[in-house]
Amino acid sequence: MKKEYKEKLQLAGKITIGFLIPAMLFYLMEFYEHNPFVEVRAEAQLFNVLIFELIGWGLFFVCKKAMISLRILIGLSMIFGLTNHYVMKFRSTPFVPWDIFSIKTASSVAGNYDFTPDRRIIIVSLIFIAIFVALQFFKFEIELRFYFRLIPFAASFLILFLFGKCLQDDSFQTRHYLYPFLFTPSYMTQVNGMTVTFVMDLEYVHVDKPSGYSASKAEEILESYEETSDTSASNDYPNIIVIMNEAFSDVGLLSDFTASEDYMPFVHSIMDGEVENTVSGYLNVSVCGGNTANTEFEFLTGNSMYFLPMGSIPYQQYVKEELPSLASCLSGLGYTTYGMHPYNASGWNRDTVYPLLGLENNLFLPQWSYRSYIRSYISDECDFEQIKKIYQEKDDNPLFIFNVTMQNHGSYTDAYDNFTPDVTVEGANSFALSQYLSLIKITDSEIQELVDYFASEDEKTVIVFFGDHQPNDATVRPVNQATESYIRYEVPYFIWANYDIEEETGSDTSANYLAANMMETLGLPTSAYQNFLLKLQKEYPIISAARLEESDDASEEMLKEYQMLQYYYLFDYQAEETP
């Protein structure tokens with residue numbers, strides 16, 4: 001009797017431990033980034049623990065042995081926690097479901113980041129390992145046949161699925177004080193916990209049709225913006241060189257700090273209206289610290305991340321068939337089109353996406369004529385020399401180049417033999433900030449040299465220059481006193497021509513409008529979609545994932561039409577083109 005009682009007591013103890021360990025793993029995983037007991041809301045803590053329990057017990061019913069199932073859960077928790085920590089460190093946003101599609105791109109640049117663990121990472125990881133080892137002594141298994149174990153396994157994950165649907169329900173989120181706004185993903189993860197937030201985000205992997213949408217309605221809207229243009233004078237069209245410069249931004253927007261020298265004197269002179277035949281202002285983009293591809297997606301297509309899930313990457317998720325873009329529009333006008341990027345062709349699926357966007361000729365790192373590096377990336381000087389080479393070898397057709405640079409890519413914490421930062425900030429002892437500003441100074445000098453080169457050329461040529469995003473939070477932390485969050489999403493841009501165009505300064509806009517604005521400024525024929533965007537801009541001057549600015553007489557109906565047209569181009573338009 002005592003033996004039977006003792007065995008029951010041991011079994012109860014093992015079951016209790018089996019419930020405690022998954023809960024412990026949730027809190028331990030969160031400690032990689034913050035203190036969950038203080039920052040994760042009470043009910044959210046309970047929901048995170050429930051998810052861990054369901055996964056843990058589901059695995060147990062299949063693996064049969066608690067040691068194996070819990071070790072799998074430990075491994076998953078540790079990997080998830082570390083991944084989120086380093087994504088936050090390098091990109092200033094948490095790990096989201098769409099980042100799974102970015103593994104190849106992330107791994108290609110991982111060697112340029114500092115993964116040295118800090119004290120918190122070491123301690124939390126050691127605790128994970130200690131629990132992993134201690135489970136060697138945890139003997140708890142079930143003797144049921146596999147198909148009897150399969151039933152509770154299926155039940156666990158069915159409950160998990162149904163619970164996940166609850167977490168994605170607006171009324172459930174409101175009742176249980178879950179923070180639902182993808183607009184601020186870092187805070188969402190902080191107060192909801194990583195696991196609950198990840199489950200909530202899964203709802204947005206699929207893009208729902210806009211209310212009242214139909215393909216025929218979208219086509220009717222487009223037809224109303226069609227205009228007949230004379231394209232016979234294609235030889236008169238200017239060459240267009242678009243340079244989306246990696247991480248180029250003016251951190252002077254964030255506070256009134258004092259640098260040892262002006263880190264972008266040429267661009268500042270343009271912004272101040274001191275350079276002729278130039279339109280300039282600040283460009284509102286939808287990303288900060290990373291996800292470069294989203295800015296080029298907005299610029300090339302005229303679409304906006306405002307209508308897509310936070311953290312999603314259209315190049316990897318949605319662009320699967322031919323998609324109308326600035327490149328295809330210019331190709332229709334007789335332009336020879338190029339896509340250029342001095343790095344891996346597979347980054348953000350560019351080698352697949354660029355042809356679908358109408359970029360007929362594409363150059364990636366293997367095609368670079370010669371190579372010079374700053375740190376471990378192709379320098380802007382080398383990049384711009386390749387632009388000159390393409391121009392010098394062009395035929396009689398006007399040229400369109402879309403160029404994405406690499407020189408200023410993060411991280412900015414490592415020292416290099418071939419580069420010594422020389423710009424400092426008064427009162428800020430930050431090597432990363434100094435390195436970043438010093439890189440920007442080099443770019444500023446190189447873009448001035450490129451402008452000077454084309455200023456002396458006879459062929460009409462236009463340069464459109466802008467940054468893809470600002471650097472991550474850690475880099476600008478010493479000077480970041482921005483009072484509005486959207487300021488972290490503003491970068492300088494300019495449109496310069498070597499012939500007379502109407503000049504303008506302070507012409508702030510967003511990436512989705514810039515191509516249409518360029519076409520209008522240069523007097524080029526515009527597509528129906530570009531005509532729509534030019535009208536929309538008067539009512540909603542800025543649309544990005546970080547900001548929506550509307551005029552006093554803005555029409556909500558027109559914003560809905562924009563969403564419909566974007567959905568049409570991303571999904572239905574492609575379907576129609578499929579044989």
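## Exercises on contacts, cores and helix crossings

Ile 542 touches Asn 284, Thr 509, Ser 510, Tyr 513, Arg 547, Leu 548 and Glu 549, where residues up to four places away in sequence are not counted and contact means heavy atoms within 4.5 Å. The model is predicted, so that local features need pLDDT of at least 70 and side-chain atom pairs count only at pLDDT 80 or more, while totals for chains, interfaces and linings use all residues. Residues are numbered from 1 along each chain as its sequence is written, and side-chain values use heavy atoms, with hydrogens and water left out.

**Exercise 1.** Determine in which strand Ile 542 lies, and whether Ile 542 is buried or exposed.

*Solution.* Begin with the secondary structure: Ile 542 lies in strand β11, residues 542–544, where helices (H or I, at least four residues) and strands (E, at least two) are DSSP runs numbered from the N terminus. Next take the accessibility: the relative accessible area of Ile 542 is 3%, and the residue is therefore buried, a term that means under 20% relative accessible area, with exposed over 50% and partly exposed in between (1.4 Å probe, protein chains only). Finally, compare sequence with space: Ile 542 and Tyr 486 are 56 residues apart in sequence and 11 Å apart from C-alpha to C-alpha.

**Exercise 2.** Carry out a similar analysis for Leu 534, stating the helix in which it is found.

*Solution.* Leu 534 is found in helix α21, residues 528–539. Its relative accessibility is 13%, and Leu 534 therefore counts as buried. Beyond residues up to four places away in sequence, Leu 534 touches Ala 516, Asn 517, Glu 520 and Thr 526. Leu 514 is 20 residues away from Leu 534 in sequence, with 9.7 Å between their C-alpha atoms.

**Exercise 3.** Describe how α3 and α4 cross, and which residue classes make up their contact.

*Solution.* First, the axes of helix α3 (residues 42–63) and helix α4 (residues 66–91) come within 8 Å and cross at roughly 140°; axes are lines fitted to C-alpha atoms, for helices over the stretch in contact, and angles run from 0 to 180 degrees between N-to-C directions. Second, α3 and α4 are therefore oblique to each other, given that angles under 35 degrees count as roughly parallel, over 145 as roughly antiparallel, 65 to 115 as roughly perpendicular and the rest as oblique. Third, the contact is made by residues including Phe 52, Ile 55 and Gly 56 of α3, and Ala 66, Ile 68 and Ser 69 of α4. Fourth, the residues of this contact divide into nine nonpolar, three polar and no charged, where Ala, Val, Leu, Ile, Met, Phe, Trp, Tyr, Cys and Pro count as nonpolar, Asp, Glu, Lys and Arg as charged, and the others, Gly among them, as polar.

**Exercise 4.** Establish how α4 is oriented towards α6.

*Solution.* The axes of α4 and helix α6 (residues 119–134) come within 10 Å and cross at roughly 170°. The two helices α4 and α6 are therefore roughly antiparallel to each other. Among the residues making the contact are Arg 71, Ile 74 and His 85 of α4, together with Ile 121, Ser 125 and Phe 128 of α6. By class, the contact of α4 with α6 has ten nonpolar, three polar and one charged residues.

**Exercise 5.** Identify the buried residues of helix α9 and the helices against which they pack.

*Solution.* In helix α9 (residues 185–192), the buried residues are Pro 185, Met 188, Thr 189, Val 191 and Asn 192. These buried residues of α9 pack against α2 (36–39), α3 and α10 (194–201). After α9 comes Gly 193, whose phi is positive, near 90°.
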